Amino acid sequence: MIRFGTNPIAWANDDDQSIGADIPTARILDEAGRQIGFDGIENGHRWPQDDPEALRGLLGEYGLAFVSGWYSTNLLVQSVEDEIKAVQGHLAKLKHNGCRVCIVCECSNTVHGNPDVPVNARPRLTPAEMADFGAKLEEFAAYLAGEGITLAYHHHMGTVVESPDEIDALMAATGPHTHLLFDAGHCTFGGGDPAAVLGRHVGRVAHFHAKNIRRPVCDRVRAEGMSFLQGVLAGAFTVPGDQEGAIDFAPLLAILKGAGYDGWIVIEAEQDPKIRNPLLYQTLGLATLKRLAREVGLV
């Protein structure tokens with residue numbers, strides 16, 4: 001079953017919590033659930049983090065399910081055993097709320113949360129390092145699979161898996177337990193053709209982020225050595241359906257349809273809420289995705 005979700009970073013950013021700090025939590029949930037009509041929402045720093053039942057109850061008041069949430073791994077600097085110990089609280093939250101995927105991104109050396117470091121200065125792995133990382137990630141994913149949760153790796157700007165070649169390398173370095181969170185915006189910003197990359201890996205896609213980009217802003221981020229967060233504030237990202245957006249989502253949803261995709265489609269598009277009203281943009285994004293999904297037969 002296809003369900004449509006959102007992420008609270010459209011209203012209140014997680015990496016820079018000053019962005020959207022003035023927006024009440026109740027407004028976020030009311031707009032996402034009651035007004036726009038999303039089926040669920042991903043994790044955010046405003047939600048209860050250590051009480052899975054409080055989280056379920058809060059979101060449920062607004063008709064929202066807990067989709068899943070970002071989990072930062074540190075496998076480049078610690079053992080799989082230590083990672084398994086570290087994930088227990090997050091895993092309990094996922095299981096209690098009926099989540100199917102754990103969204104994972106390696107963050108031991110990421111630069112995307114540092115406003116002073118250009119996104120171009122991100123870390124990179126050698127082929128040997130990628131192979132070692134993939135082996136550890138697969139072992140961690142196998143553990144999660146044994147707990148009934150699928151690992152969905154989030155390729156992301158400013159991290160060791162950003163470019164299409166790195167996505168390919170990660171998929172080659174991992175086995176059947178490691179799946180992919182495909183993010184259209186990060187793929188495109190990272191230099192990829194989203195339809196081509198999705199087409200290569202759709203059989204292992206367990207989660208889908210419908211993020212759009214404004215190409216001129218992304219190009220400026222690269223050319224001017226801007227940080228990821230500076231790019232966010234400049235308007236690098238937007239939602240499906242925005243006429244300033246560079247990504248055509250119809251072919252992507254058609255690829256998901258052809259592969260029998262069954263899961264969440266989430267609008268994860270951080271913008272400056274003072275400039276771009278989250279209610280308006282998220283409404284546009286959901287309406288666009290639902291229309292395109294009907295047209296390609298995904299729903």
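A residue counts as buried when its relative accessible area is under 20%, and as exposed when that area is over 50%. The exercises below concern a predicted model.

**Exercise 1.** Work out what share of the residues of the chain count as buried, and what the accessible surface of the chain comes to.

*Solution.* With the cut-off of under 20% in hand, 54% of the 299 residues of the chain count as buried. The accessible surface is about 11300 Å² for the chain, and carbon and sulfur atoms hold 50% of that surface.

**Exercise 2.** Decide how the radius of gyration of the chain stands against that of a compact globule.

*Solution.* For 299 residues, a compact globule would have a radius of gyration near 19 Å. The chain has 18 Å, which agrees with that expectation. Along the principal axes, the C-alpha atoms fill a box of roughly 45 × 45 × 40 Å. Within the chain there are 12 helices and 11 strands, and among contacts with a separation of 6 or more, 82% come from residues 24 or more positions apart.

**Exercise 3.** Establish how many disulfides the structure holds, and whether Cys107 and Cys187 are buried or exposed.

*Solution.* A disulfide requires two cysteine sulfur atoms within 2.5 Å, and the structure holds zero such pairs. For Cys107, the nearest cysteine sulfur belongs to Cys105 and is 4.3 Å away, so Cys107 is in no disulfide under the 2.5 Å cut-off. Cys107 counts as buried because its relative accessibility is 16%. For Cys187, the nearest cysteine sulfur is that of Cys218, 12 Å away, and Cys187 is likewise in no disulfide. Cys187 is buried, with a relative accessible area of 0%.

Definitions and conventions: Residues numbered from 1 in each chain as written. Predicted model: local features only at pLDDT ≥ 70, side-chain atom pairs only at ≥ 80, totals over all residues. Heavy atoms only, no water. Helix = DSSP H or I, 4+ residues; strand = E, 2+ residues; numbered from the N terminus. Rg over C-alpha atoms; globule rule 2.2 N^0.38 Å. Buried < 20%, exposed > 50% of the residue type's maximum accessible area, 1.4 Å probe, protein only. Contact = heavy atoms within 4.5 Å. Areas by Shrake-Rupley, 256 points an atom, 1.4 Å probe, with all protein chains shown as cover.
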